[in-house]
Amino acid sequence: MTSPEVLTRRALNRALLDRQFLLARATVDARQAVEHLVGLQTQVPGNHYTALWTRLAGFDPDDFSRRFAAREFVRIALQRSTIHTVTAADCLVLRPFFQPATDAVFRAAFLRALGEVDHGRMTALARELVEAAPMTFADLGAALAAEAPASPPKALGQAARSWLPLVQVPPRGLWRQGGAVRHTTAEHWLGTPLTPGAPGAAPEAVVRRYLAAFGPASVKDAQNWSGLTGLRAAFTRLRDELVVFRDENGAELFDLPDAPRPGEDVPAPVRFLPEYDNVFLGHADRARVISAEAKARSWRGNHALPVWLADGFVRGTWRFDADRAGSAATLVLTPLDEPSAAERAGLEEEGAALLAFHHPEARHDLRWE
């Protein structure tokens, strides 16, 4: 038998960037992009705007915001029980698939605190409450505690996130708007029931979508991305339809036969990414895009900083400093190592575009730290 081809870290980097629309801005519509990426990780509500701007040619945030308000997209807990922006259609299909990930987080964090409570009765009551009017978890927990006084309100409010498919409703997630984190059910918001057991929710279908956006990847990578265990069986059933590689450490990697795998020497342009971007969360082994040293310097505890890529890898962090009046905005760049002259020029050019995108009416400046 022929040994599987070994893919270098740089080869895996270029494959990931290509599939994440980070080698060149794609000309697809935002809906097509969000579907291809199997959602955008957006626990920070405005991050879908930066994530799509850096990936799509001519991205229009006002158009996306209107479509978000019109319920073409929603924000809901999916992979790893973290908030993702997905299309309405994917919400209905994928929320039941990722239910075990949400259940696992709930059991670990809140089940013991909840104590003895009638889950069915509380679920029905929570649904009635949030479908009458969207609610914050604090308000929902307080309302549920009136019926279950032995359980802490916080645990009850968070339990509803596991019991029900709760979406965060606008203005949360709209362009340059904010608001309290209020929830209602996906079925109520979209006017359509969830579709558990749909063909698109089969493990094999989700694995294929994962590989299209994140491959080549291992079973462990897919399980880390999803927050689910037990995906090995789906890979085994698909094995004859996939191609197999190994990474430089010998880990077995799977991929779709016709998926793009550009050469490791393909140029990778400078790209600015929001904190918690998909590209960092799709694998157990993230060395294909961020070194251990870079991760240590771009994360503070569980809080990630916005970063930039140069030559495909995380090489620095960035932030905006803006005055309260909105008349001036500075992009502050903090390199993790010394950028080359070409990288510095690329950062300044792309940084000017990022400033213009987020602060079109302000006076712009760029500062290196």
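**Questions about a predicted fold**

Me: How far does the backbone oxygen of Ala-51 lie from a polar atom of the side chain of Arg-55?
Reply: The pair here is the backbone oxygen of Ala-51 and a polar atom in the Arg-55 side chain. This is a predicted model. In the model, that separation comes out at 3.2 Å.

Me: Which residue's side chain makes a polar contact with the side chain of Arg-55?
Reply: Arg-55 sits in the loop between helix 3 (47-53) and helix 4 (61-69). Beyond four places in sequence, Arg-55 touches residues including Gln-20, Phe-21, Leu-273 and Asn-278. The side-chain to side-chain polar contact, at 2.7 Å, is with Asp-277.

Me: Is Arg-55 buried or exposed?
Reply: The cut-off to remember is that buried means under 20% relative accessible area. Arg-55 has a relative accessibility of 0%, so Arg-55 counts as buried.

Me: Which strands stand at the edges of the sheet, each with a single partner strand?
Reply: This is the open antiparallel sheet of 5 strands, in the order 2-4-3-5-6. One side of each edge strand has no neighbour in the sheet, because each has just a single partner. The two edge strands are strand 2 (40-41) and strand 6 (183-185).

Me: Which residue in strand 5 does Ile-76 stand opposite?
Reply: Strand 3 (residues 73-77) and strand 5 (residues 166-168) run antiparallel and are joined by 2 bridges. Facing Ile-76 from strand 5 is Val-167.

Me: At about what angle to strand 4 does helix 5 run?
Reply: Helices lie across this sheet, so to speak, and helix 8 (residues 119-132) is one of them, crossing strand 5 and strand 6. Helix 5 (residues 88-97) lies across strand 3, strand 4 (83-87) and strand 5. Its angle to strand 4 is about 120 degrees.

Me: How are helix 8 and helix 10 oriented to each other?
Reply: Their axes are 10 Å apart and meet at an angle of about 90 degrees. The contact is made by His-119, Met-122, Thr-123 and Ala-126 from helix 8, with Leu-156, Ala-160 and Trp-163 from helix 10. Angles from 65 to 115 degrees count as roughly perpendicular. Helix 8 and helix 10 are therefore roughly perpendicular.

Me: What does the twist average from one strand to the next in the sheet with the order 1-7-8?
Reply: That sheet is open, has 3 strands and shows mixed pairing. Its edges are strand 1 (5-7) and strand 8 (252-255), each pairing on one side only. From one strand to the next, the twist averages 45 degrees.

Me: Which residue in strand 7 does Leu-7 stand opposite?
Reply: Strand 1 and strand 7 (residues 243-247) pair in the parallel sense, over 3 bridges. Across from Leu-7 in strand 7 is Asp-247.

Me: Which residues touch the most other members of the largest nonpolar core?
Reply: This core holds 58 residues. Another core of 31 residues lies apart from it, with Leu-40, Tyr-49, Phe-73 and Trp-308 among them. In the largest core, the residues touching the most other members are Leu-211, Phe-235 and Phe-280.

Me: What separation do the C-alpha atoms of Leu-355 and Leu-331 have?
Reply: Leu-355 belongs to helix 17 (residues 341-358). Leu-355 is buried, with a relative accessible area of 2%, and touches residues including Phe-320, Leu-331 and His-364. Leu-355 and Leu-331 are 24 residues apart along the chain, while their C-alpha atoms are separated by 6.9 Å.

Conventions. Residues numbered from 1 in each chain as written. Predicted model: local features only at pLDDT ≥ 70, side-chain atom pairs only at ≥ 80, totals over all residues. Heavy atoms only, no water. Pairing = 2+ DSSP bridges. Helix = DSSP H or I, 4+ residues; strand = E, 2+ residues; numbered from the N terminus. Axes fitted to C-alpha atoms, helices over the stretch in contact; angles between N-to-C directions. Buried < 20%, exposed > 50% of the residue type's maximum accessible area, 1.4 Å probe, protein only. Contact = heavy atoms within 4.5 Å. Core = buried A, V, L, I, M, F, W, Y, C linked by side-chain atoms within 4.5 Å. Polar contact = N/O pair within 3.5 Å; in protein donor to acceptor, adjacent residues only side chain to side chain. Parallel < 35°, antiparallel > 145°, perpendicular 65-115°, else oblique.
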